[in-house]
Amino acid sequence: MHPDRRPRRTPNRRQVLGALAGIAAAGAAGGYAWDRFGRGDGTGGAGGAGGAGGAAGAPTAVPSGGYAFERLTGPARTVVRTTDGSALATFTDGARTAVLTGPARTFSEPRTTSAVVHSTAWIRLLPSVWRQGEESTSWFRQWFPRTLADRSPDVLAVAFQYGDGAPDLYTKSGLRYAGRAHFGPHVPGVASPLDFHYHDEKSDFYDYLGIPWTFPDGTRVTPQQARYGDVDCSGFQRLVWGYRMGYPMHDTDTPGIGLPRRAYAISAYAPGVLLIPDTNQRPTDISMLQPGDLVFFSINIGRPHAIDHCGMYMGLDNGGRPRFYSSRSAADGPTMGDLAGVATLDGNGFYAQGLRTARRL
């Protein structure tokens with residue numbers, strides 16, 4: 001048993017019903033970009049030991065008015081700047097991901113890497129995809145200053161609520177919705193914990209939660225008790241973006257509304273903007289990436305052309321290297337660390353060589 005694993009306790013009926021009630025309420029919440037448990041959970045912010053720094057709480061003073069809006073290409077996007085030229089936000093045409101500038105935070109994971117990421121990027125979801133000219137609409141004039149001042153957990157902070165040392169967080173009904181996640185059950189016969197097949201994949205967000213889930217098309221899934229608290233690489237992205245941030249999901253590997261199930265399907269069929277097309281080769285240019293972008297890899301030995309891993313780009317670490325965050329077998333869960341492969345997109349490391357494509361949701 002992994003030393004960090006806790007006994008598996010699946011939710012009782014009251015906890016499941018409480019979670020379903022929260023889901024229904026969230027579904028009716030409307031357009032404001034939300035984290036399902038970002039407010040009123042008593043945690044005051046993001047992540048646990050070694051996780052995301054930066055405090056939540058009272059809104060921070062932000063520039064009021066006087067914004068300048070600049071159009072850029074590659075990809076087509078609108079950059080919001082202050083009167084002195086400083087970038088406040090980036091909105092990409094066809095995507096819901098918004099990167100806003102906020103207080104600096106530090107992300108670290110001492111057990112698996114000496115690298116740290118210092119970042120002023122706060123990642124939020126727009127209520128709908130961005131289109132050129134949205135800055136002139138009434139909804140944006142209300143949404144932007146409010147969201148720019150918001151210090152509740154953003155996408156990065158929520159992601160680190162499942163990382164190394166993250167404390168358990170519970171709903172009022174007792175459902176654990178965050179806390180250290182693991183990758184999957186041990187595969188019998190695989191001896192080394194650093195083997196990529198030591199922990200079994202196939203654990204989705206509802207396995208981590210231990211609750212049944214009904215997708216918008218009526219498909220109903222039931223968690224496996226042996227996978228409670230587990231989530232594989234694509235399941236982790238669905239846990240963060242879908243369950244926590246409210247991005248639509250479905251349970252197939254074909255085109256549909258929102259995020260498909262597997263990494264290869266997300267890379268091919270997910271909404272948003274394809275930043276780097278998959279040419280079955282490592283891309284030569286990754287300069288268009290921004291924090292929050294999804295990156296996809298072909299890393300399974302013997303299958304060089306199959307997308308089989310995905311992660312979230314974090315930005316440059318303290319060594320100036322582009323680092324990503326994903327759920328991996330070697331670390332037994334979400335990690336920014338370097339066990340069984342350096343988690344950077346440059347150089348000649350295992351993951352860097354396996355990088356194939358990227359998408360902005």
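This report describes a six-stranded sheet, the helix packed on it, and three salt bridges in a predicted model.

## Basis of the model

The model is predicted, so that local features need pLDDT of at least 70 and side-chain atom pairs count only at pLDDT 80 or more, whereas totals for chains, interfaces and linings use all residues. Residues are numbered from 1 along each chain as its sequence is written, and side-chain values use heavy atoms, with hydrogens and water left out.

## The open sheet and helix α5

Six strands (DSSP runs of E, at least two residues, numbered from the N terminus) form an open sheet in the order β10-β15-β11-β12-β13-β14, with antiparallel pairing; two strands are taken to pair if DSSP finds at least two bridges between them. The edges are occupied by β10 (273-276) and β14 (333-335), each of which has a single partner strand, so one side of each is left without a neighbour in the sheet. From one strand to the next, the twist averages 30°, where axes are lines fitted to C-alpha atoms, for helices over the stretch in contact, and angles run from 0 to 180 degrees between N-to-C directions.

Strand β13 (residues 322-328) pairs with β14 in the antiparallel sense over three bridges, and S326 has T335 in β14 as its bridge partner. Helix α5 (residues 233-244) packs on the sheet and touches β11 (294-297), β12 (309-316), β13 and β14, contact meaning heavy atoms within 4.5 Å; the direction of α5 makes about 60° with that of β12. Helices are DSSP runs of H or I with at least four residues.

## Buried salt bridges

The structure holds 16 salt bridges, each defined by a side-chain nitrogen of Lys or Arg within 4 Å of a carboxyl oxygen of Asp or Glu. One of them joins the side chains of D154 and R105 at 2.7 Å, N to O; D154 is in the loop between α2 (138-149) and α3 (155-160), and R105 is in strand β4 (residues 97-108), 49 residues apart. D154 is buried at a relative accessible area of 0%, and R105 is also buried, at 2%, where buried means under 20% relative accessible area with a 1.4 Å probe and protein chains only.

R238 in helix α5 forms a salt bridge with D204, their closest N and O atoms being 2.9 Å apart, and both residues are buried. D232 and R261, likewise both buried, form a salt bridge whose closest N and O atoms are 2.9 Å apart. Through shared partners, salt bridges join D204, D232, R238, D251 and R261 into one network.

Technical notes: Buried means under 20% relative accessible area, exposed over 50%, partly exposed in between (1.4 Å probe, protein chains only).
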